[in-house]
Amino acid sequence: MSSEIRSRRKAADTHDQQPDGASAEADASQRVGAQKAAAASSSSAGLAVFLLVSVLAAAAVGAHRLQLIDLRQVQQHMLAPLQAHLPPALLAKLSPHPAKDGSSSSSSTDSQATSSSSSSSSSGEQLFTRVELAQYTGGPPPAKQRIYIAILGQVFDVSKAPQFYSAGEGYGHFAGTDGSKSFITGDFLGDVTDDVSELDPEACLGLVGWLDFYHKTYTYQGKLIGRFYDAAGAATAALDSLHARAKEGEALKAAREAEEANWPSCNSKWTADEGGSVWCDDGMYPRKLFMEMKGGRAVWRCACFKELGWSDVRKVYVDCDPDAHFCKTNPEAEAADEERNVPAELEAMFAS
């Protein structure tokens, strides 16, 4: 009897120690709820991090217009440590999708004025190679739709004036290249080059004037690596030389203007029927005034003098009276006279 009682008590104790079905379900439900809460918390945290990174990356794009930031790479990098904690469905939604062409990087469109060159100067300016610049001709692909030109190694977007710079137009030969010399020589076909080493000081000054014009009229884009700027965007010896000669040109121009204030230039006219003529107003007399020796030849200009006199450096026009205010010109006779009568003293002075 006592053993039966003890057996029944042991079974009752064992039954009391085991959870009933409701309790087990409650415990299981609590565990599932905790897991979902943890997953939701991880999902929320991952989404918050993703959104924060995207905003910061977008801000970086706005702050650095010349650098293209790939948001896909940023997203992938930030999602990597969260993959073990995010539900597959949410992870699939947050993962970056590849570009249609299979590439993962974004690129600028041809309609953008800023190029996607990979280099820049220490000051942040865009640097172009000759190959890159040559793409900006406004032509059909693979050419860029924008039109860029360079002068003295500085690049400008001239797309707003296709009537001048498109292919076949008057300045179309400048598109995608640096044709600095042609701005002075007017040779738009045979010698479109940036080699300006042979230009005289006043021509160099004129070229600097063209550069100022482009800065005032068009959008500056950066520098061309080559003759005038090195790979770091620093000025080369060729550019320093040009600016030094331009300074000389300023002095020469000032001297000429002062001279012309005393001896103003003649009026002149030329027609196929009547030939050429020169004349002076206010009772002044036209004379051929010696200016300089250039390339072994004398350079003259027509100037008006109040005085009637003349000399070897202030010559009376061929077949014209010394006291005449109007003279017909004969280019062949004038050229022969100038060659024959250049004073030996002047030739020696300029030769030295």
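Biologist: What makes up the accessible surface of the protein, and how is the area obtained?

Modeller: The accessible surface comes to about 21400 Å², and 55% of it belongs to carbon and sulfur atoms. Accessible areas come from the Shrake-Rupley method with a 1.4 Å probe; for residues, only the protein chains shown count as cover. This is a predicted model, where local features need pLDDT of at least 70 and side-chain atom pairs count only at pLDDT 80 or more, while totals for chains, interfaces and linings use all residues. Residues are numbered from 1 along each chain as its sequence is written, and side-chain values use heavy atoms, with hydrogens and water left out.

Biologist: Why is Ser-182 called buried?

Modeller: Buried means under 20% relative accessible area, exposed over 50%, partly exposed in between (1.4 Å probe, protein chains only). Ser-182 has a relative accessible area of 1%, so Ser-182 is buried. Of the 352 residues in the protein, 30% are buried.

Biologist: Which residues does Ser-182 contact, leaving aside its neighbours within four places in sequence?

Modeller: Contact means heavy atoms within 4.5 Å. Among the partners of Ser-182 are Phe-174, Asp-187 and Thr-193.

Biologist: What makes strand 8 and strand 9 edge strands?

Modeller: Strands (E, at least two residues) are DSSP runs, numbered from the N terminus. Two strands pair if DSSP finds at least two bridges between them. Strand 7 (residues 285-294) and strand 9 are joined by two bridges, so they pair. The open sheet has the order 8-7-9, with antiparallel pairing. Strand 8 (297-305) and strand 9 (314-315) each have a single partner strand, so one side of each is left without a neighbour in the sheet.

Definitions and conventions:
Helices (H or I, at least four residues) and strands (E, at least two) are DSSP runs, numbered from the N terminus.
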